[in-house]
Amino acid sequence: MPNLNLYLVAGYSDEQKSRLLGRLTDAVVDSLDAPRSAVRIFLIELQEKHISVGGITLSLLREQQAPDVVHAGPTIHAMLIAGRNERQKSALIASLTAAVGETLGIPDDTIRIIVADIPNTNFGMNGVTAKSLGR
């Protein structure tokens, strides 16, 4: 823990995705003082026809060349063992947003970050709860 699920529209190069995963890992480590080896990021690629903005698929919006929709996403769900303070979470949100925007060249206002605090009794490692491991 921390675990991040990164939902990204398909089409970026392997090199871009690799750089992005590295930048996101750095953002987590720097913002939360988390050990690098504890950071897990799962990149989930979605086709444009599987993403909607305002109830309309991104593929249809692109066909219509909707001027107000430049990008849809990505969205990052950051799951953390509860206990981080508001300053740390704000820093994490800012750092993750910057990493995505700079690496993929997309505007910050299209990026969504959702932070979920998971009680240490609701997260397990090595077959036991994080609480039993002293976390």
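## A look around helix 3 and its surroundings

In helix 3, the buried residues are Gln88, Leu92, Leu96, Thr97, Ala99, Val100, Gly101, Thr103 and Leu104. Please keep in mind as you explore that this is a predicted model.

What covers these residues? The cover over the buried part of helix 3 includes strand 1 (3–9), helix 1 (14–32), strand 5 (75–81) and strand 6 (112–118). Helix 3 itself spans residues 86–104, 19 residues in total, and reaches 27 Å from its first C-alpha to its last, close to the 27 Å expected at 1.5 Å a residue. At the N-terminal end, Asn85 acts as a cap, with a side-chain oxygen 3.1 Å from the backbone nitrogen of Arg87. Just after the helix comes Gly105, with a positive phi of about 70 degrees.

**The sheet**

Now for the strands. Four of them form an open sheet in the order 2-1-5-6, with mixed pairing. Strand 2 (40–46) and strand 6 are the edge strands, each pairing on one side only. On average, neighbouring strands of this sheet are turned by 15 degrees against each other, direction ignored. Strand 1 and strand 5 run antiparallel and are joined by five bridges. Asn5 stands opposite His77 in strand 5.

Two helices lie across strands of the sheet. Helix 1 crosses strand 1, strand 2 and strand 5, running at about 140 degrees to strand 2. Helix 3 lies across strand 1, strand 5 and strand 6, and runs at about 145 degrees to strand 6.

**The nonpolar cores**

In soluble globular proteins, nonpolar side chains tend to be buried together. Here the largest nonpolar core has 27 residues, and the ones touching the most other members are Leu24, Val28, Ile76, Leu96 and Val100. Strand 1, helix 1, strand 5 and helix 3 each supply at least two residues of this core. Which element gives the most to this core? That is helix 1, with six residues.

Leu96 shows how these parts meet: leaving out residues up to four places away in sequence, Leu96 touches Leu4, Leu24, Ala27, Val28, Ile76 and Ile113. Apart from this core lies another one, of five residues, among them Met1, Ile81, Phe123 and Ala130.

Is Leu8, a residue of strand 1, buried or exposed? Leu8 is buried, because its relative accessible area is 1%, and buried means under 20%. Not counting residues up to four places away in sequence, Leu8 touches Lys17, Leu43, Ile44, Glu45, Leu46, Pro74 and Leu104. Leu8 and Thr110 are 102 residues apart along the chain, and their C-alpha atoms are separated by 12 Å.

**Some backbone details**

Most residues other than glycine have a negative phi, and most peptide bonds are trans. Against that background, a few places are worth a visit. The peptide bond from Met1 to Pro2 is cis, with omega near 15 degrees, and Pro2 lies in the segment before strand 1. Two residues have a positive phi although neither is a glycine: Asp33 and Asn126. They are set out here.

| Residue | Phi | Where | Relative accessible area |
|---|---|---|---|
| Asp33 | about 55 degrees | loop between helix 1 and strand 2 | 69%, exposed |
| Asn126 | about 55 degrees | loop between strand 7 (124–125) and strand 8 (128–129) | 76%, exposed |

Methods. Residues numbered from 1 in each chain as written. Predicted model: local features only at pLDDT ≥ 70, side-chain atom pairs only at ≥ 80, totals over all residues. Heavy atoms only, no water. Helix = DSSP H or I, 4+ residues; strand = E, 2+ residues; numbered from the N terminus. Expected span 1.5 Å × (residues − 1). Buried < 20%, exposed > 50% of the residue type's maximum accessible area, 1.4 Å probe, protein only. Contact = heavy atoms within 4.5 Å. Polar contact = N/O pair within 3.5 Å; in protein donor to acceptor, adjacent residues only side chain to side chain. Core = buried A, V, L, I, M, F, W, Y, C linked by side-chain atoms within 4.5 Å. Pairing = 2+ DSSP bridges. Axes fitted to C-alpha atoms, helices over the stretch in contact; angles between N-to-C directions.
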